[in-house]
Amino acid sequence: MPGWVGPARRLVLKIKDRGQRASVRLRRAMRADDPNVSLERVQRRLELLLTAVYGRPIPIAPIETNLWNRERVRQLAKRDPRAREPAPGVDGATIYLPPELGARSGDADAIARYRLFALEQAERIVRGTAMLAPLNDPLERDLYMVREGAAIDARIAAAHPGIVEALSDERRAVLARRPPLERFNEAERDVERLVREALSAELSVSPSPSSDPSASLAWARDTANRIRSASGSAANYRGVPPASIWGTVRSSATALPQPGDAGKHFIRTGNTEANAQESRHGEQAQGSGSGTGRSPEADDSAADARGSREAGGAAGRAIDPSPMTTAERGTTSGVRPYDNADEHLLERLPPPIWYDEWNADRGAYVKYGAAVRAGPAQEGDDDWARATLHRHASIVREIRHRFERLRARRALLRRQRAGDDLDLDACVNAVVDRRIGHPPDDRLYVDARPARRGLAIAFLADVSGSTETRVSNELRIVDIEKIALLLAGEALDALGDSYAMYAFAGKTSANVKVTTLKQFTDRNDEVTRRRVAALEPAGFTRLGAAVRHATRQLARQAAGHRLLLLLSDGRPNDIDQYQSDYGVEDSRQAIFEARASGIYPFCLTVDRDASEYLPRIFGQTGHTIVQRPEQLPTALLGAVRSLIKRS
């Protein structure tokens, strides 16, 4: 080693250390005279507000601001404290807000802005904005964010008229801080004009421009095509700065960051973590602060790049990962995620949500082992559901009667020192005692308490190709599963607890399709029944990834007990080595993770050979083998009833 290497290395480390100290001093100097309100101070209050408004807990996390690039330095150099704040963001599950907001106008103003940002991003989670965001295309991405921002602002103005004034003020402030048009090329100016037009529209007279994210996506693609055809600079489109009131959208694979994990995000499922690193989208948009990420499963070649991306990163955060080559992945994990997968088809699918898989031979997790593609199910015909419920009307009446008896009713405890209502008998006795000279009893209230803890139940139905098997001249296994889901919905409506329904199938680890039949917050209405009616067999049974995804949804529910019920017809399998014991062991590990998360999994199967592998996956008491497929609906209801009683 040359003699100059050691001194040079020490010099580099010295410069780096001094640069870090200087950046800390710079931040402190810029904020010395600026009062602020920290997110930590209001975070719990905001989460309670969102739970009250939307009926479910929505986590909030601070944006990391310790990563530096040109845009971050440019932000901090501005005199306006609001211009130095990173834009809020959302990843489909978690809201990311600035760690602090300026409070020059008082703490109440900063808290009101936090409240507004939280509602804005919560609407994006409920609406599903992140699920359809075209993160691979900067032009379509920015247009999509403009359309969704206008639609969500109109929705908030209609649903929360009390904050219309604050929302209008924030929109005007954001509009005033937009960069001059001279900074942009022709295509970017077209998008910037649309941003300004949306921000300047009057909320009181602006109808929602898009009914749902799919309509916004269609508009964004049409508009992008028009801009490309009319502008010669569309190929050099670098992006426009995100409007801070609308924030940014991250890949739905992104979850809560942990201390010390700069540039990484985690999906936590039980005791596993699927790390999803973001990468820099070139050096585009020097004034945009936007970046896109690349999945660690991506090849070195640009043609193979895909995976989780971030639209308009709040602080321009970008870390270059060191992805493995395809050959290295095969050697390391034994799983080649994109083998036998149509790459053009994958690009048209929803963004991937990466989960680890368990390699029992190595005794370690395979990072980014499977990609779940989550989205709403297609809808079928009402006639099938109505005819099925009519044909089983007597069973429906019976199960509703049985499950209504299990409903969590509130028990009234009389003569309590605190409670919701006065106990009139106790009050009368206290008055009488006082009149006759006796000391009155201070237990004057009635306290209402639930008879049992609340439940959250998730159904996960296997609709792989093997469910095409006929059990009679009229029915296939998938038809039996559909009937079981319809009857289970009627039963749980009578029970009164929250529940969700999902179906899964897929082909290769790059495309584990999990479709939503009913969310926890949805009603069991005609839409749910049409989605159940539309279920058709396709693909294979990559059980581990589907269980981890359902576990993640269940773990977010604020319930005393969480149950995961699986309907399957056979052994875990796929076209790669998941067909072997690898699939069984990965599914077993996913069940362990669910139990570690406080979730009770239970499986019902119609596979007569299941006794060979089900005890290995679910344990001796965690499954039931139905001898005849037509018994599945009754067995499912019996399993739900016994699990509820046990809980």
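The points below describe one sheet, the helices that lie across it, and selected salt bridges in a predicted model.

1. The sheet. Eight strands form an open sheet with mixed pairing, in the order β9-β10-β16-β15-β14-β17-β18-β19. Its edges are β9 (353-359) and β19 (623-625), each of which pairs on one side only. On average, neighbouring strands of this sheet are turned by 25° against each other, direction ignored. As background, the strands of a sheet pair through backbone hydrogen bonds, and they may do so in parallel or antiparallel fashion.

2. One strand pair in detail. Strands β15 (residues 498-506) and β16 (residues 512-518) run antiparallel and are joined by six bridges. A reader who wishes to locate this pairing in the structure may begin at Phe-504, whose bridge partner in β16 is Val-514.

3. Helices across the sheet. Helix α16 (residues 526-533) lies across β10 (364-376) and β16, and runs at about 145° to β16. Helix α18 (residues 581-596) lies across β9, β10 and β18 (599-605), and runs at about 115° to β9.

4. Salt bridges and the edge strand. Side chains of opposite charge can pair when their charged atoms come close. In this model the count comes to 34 salt bridges. One of them joins the side chains of Glu-357 and Arg-542, at 2.8 Å from N to O. Glu-357 belongs to strand β9, whereas Arg-542 sits in the loop between α16 and α17 (543-555), so this pair ties together parts that are 185 residues apart in sequence. Are these two residues buried or exposed? Both Glu-357 and Arg-542 are buried.

5. Salt bridges of helix α16. The side chain of Arg-530 meets that of Glu-379 in a salt bridge of 2.9 Å, N to O. This pair links distant parts of the chain, with Arg-530 in helix α16 and Glu-379 in the loop between β10 and α12 (382-391), 151 residues apart. Glu-379 counts as partly exposed because its relative accessibility is 44%, a value that falls between the limits of 20% for buried and 50% for exposed. Arg-530 also meets Asp-382 in a salt bridge, here at 3.4 Å from N to O. Since Asp-382 lies in helix α12 and Arg-530 in helix α16, the contact ties together parts that are 148 residues apart in sequence.

6. The network. Which residues are linked with Arg-530 in a network of salt bridges? They are Glu-379, Asp-382, Asp-383 and Arg-386. Within this network, Arg-530 is the residue from helix α16, the helix that lies across β10 and β16 of the sheet.

Terms used. Residues numbered from 1 in each chain as written. Predicted model: local features only at pLDDT ≥ 70, side-chain atom pairs only at ≥ 80, totals over all residues. Heavy atoms only, no water. Pairing = 2+ DSSP bridges. Helix = DSSP H or I, 4+ residues; strand = E, 2+ residues; numbered from the N terminus. Axes fitted to C-alpha atoms, helices over the stretch in contact; angles between N-to-C directions. Contact = heavy atoms within 4.5 Å. Salt bridge = Lys/Arg side-chain N within 4 Å of Asp/Glu carboxyl O. Buried < 20%, exposed > 50% of the residue type's maximum accessible area, 1.4 Å probe, protein only.
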